Amino acid sequence: WTVDSHDWAEEMNGVTITKDYLVSRVLSEASSGGIILMHIGGYETVNALPEIIEGLITDGYKLVKVNDML
């Protein structure tokens, strides 16, 4: 992966991992050809994912399966 969303943590370095944190981190760290690491059961993953997807598409990214990238 190229971006660790940190969705697996409740807090990191004294910062609470909220939905807004995840959205901001992923959108600011995304890059062409990048892979975003997210986890099933992450504390705020389900809440953040719709906004992340919308933001990535708005920024011109295309979402594909990993197999389609390789």
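A residue is taken as buried when its relative accessible area is under 20%. In this predicted model, the buried residues of helix H2 are Thr 45, Ala 48, Ile 52, Gly 55 and Leu 56. These buried residues pack against helix H1, residues 19-29, and strand E4, residues 36-37. The length of H2 was also examined. At 1.5 Å a residue, a span of 20 Å is expected for the 14 residues of H2, and the 19 Å between its end C-alpha atoms agrees with that value. H2 is followed by Gly 60, which has a positive phi near 95°.

Helix H2 also contributes to the largest pocket, which has a volume of about 510 Å³. This pocket is lined by 19 residues, and the closest to its centre are Gly 34, Ile 36, Leu 56, Leu 63 and Val 64. Two elements, H2 (45-58) and helix H3 (66-69), each give two or more residues to the lining. The largest share, four residues, is that of H2. By residue class, the lining comprises 13 nonpolar, four polar and two charged residues. Leu 56 thus appears both among the buried residues of H2 and among the residues closest to the centre of the pocket.

The loop between H2 and H3 contains Tyr 61. With a relative accessibility of 27%, Tyr 61 is classed as partly exposed, because this class lies between the limits of 20% and 50%. Apart from neighbours within four places in sequence, Tyr 61 is in contact with Ala 30, Ser 31, Ser 32 and Leu 56. A polar atom of the Tyr 61 side chain lies 3.2 Å from the backbone oxygen of Ala 30. The C-alpha atom of Tyr 61 is separated by 28 Å from that of Glu 10, a residue 51 positions away along the chain.

A further set of contacts involves Ser 5, located in the loop between strand E1 (3-4) and strand E2 (11-12). Ser 5 has a relative accessible area of 0% and is therefore buried. Its side chain takes part in a polar contact of 3.1 Å with the side chain of Asp 7. In addition, a polar atom of the Ser 5 side chain lies 2.8 Å from the backbone oxygen of Leu 37. When residues up to four places away in sequence are not counted, Ser 5 touches Tyr 21, Leu 22, Arg 25, Val 26, Leu 37 and Met 38. Leu 37 is accordingly named both for its backbone oxygen and as a residue that Ser 5 touches.

Methods:
Residues numbered from 1 in each chain as written. Predicted model: local features only at pLDDT ≥ 70, side-chain atom pairs only at ≥ 80, totals over all residues. Heavy atoms only, no water. 1 Å grid on protein atoms, 1.4 Å probe; cavity = no way out; pocket = protein on both sides within 12 Å on 5 of 7 lines; lining within 4 Å. Points joined across faces, edges and corners; volume = space filled by probe spheres on them. Nonpolar A, V, L, I, M, F, W, Y, C, P; charged D, E, K, R; others polar. Expected span 1.5 Å × (residues − 1). Buried < 20%, exposed > 50% of the residue type's maximum accessible area, 1.4 Å probe, protein only. Contact = heavy atoms within 4.5 Å. Polar contact = N/O pair within 3.5 Å; in protein donor to acceptor, adjacent residues only side chain to side chain.
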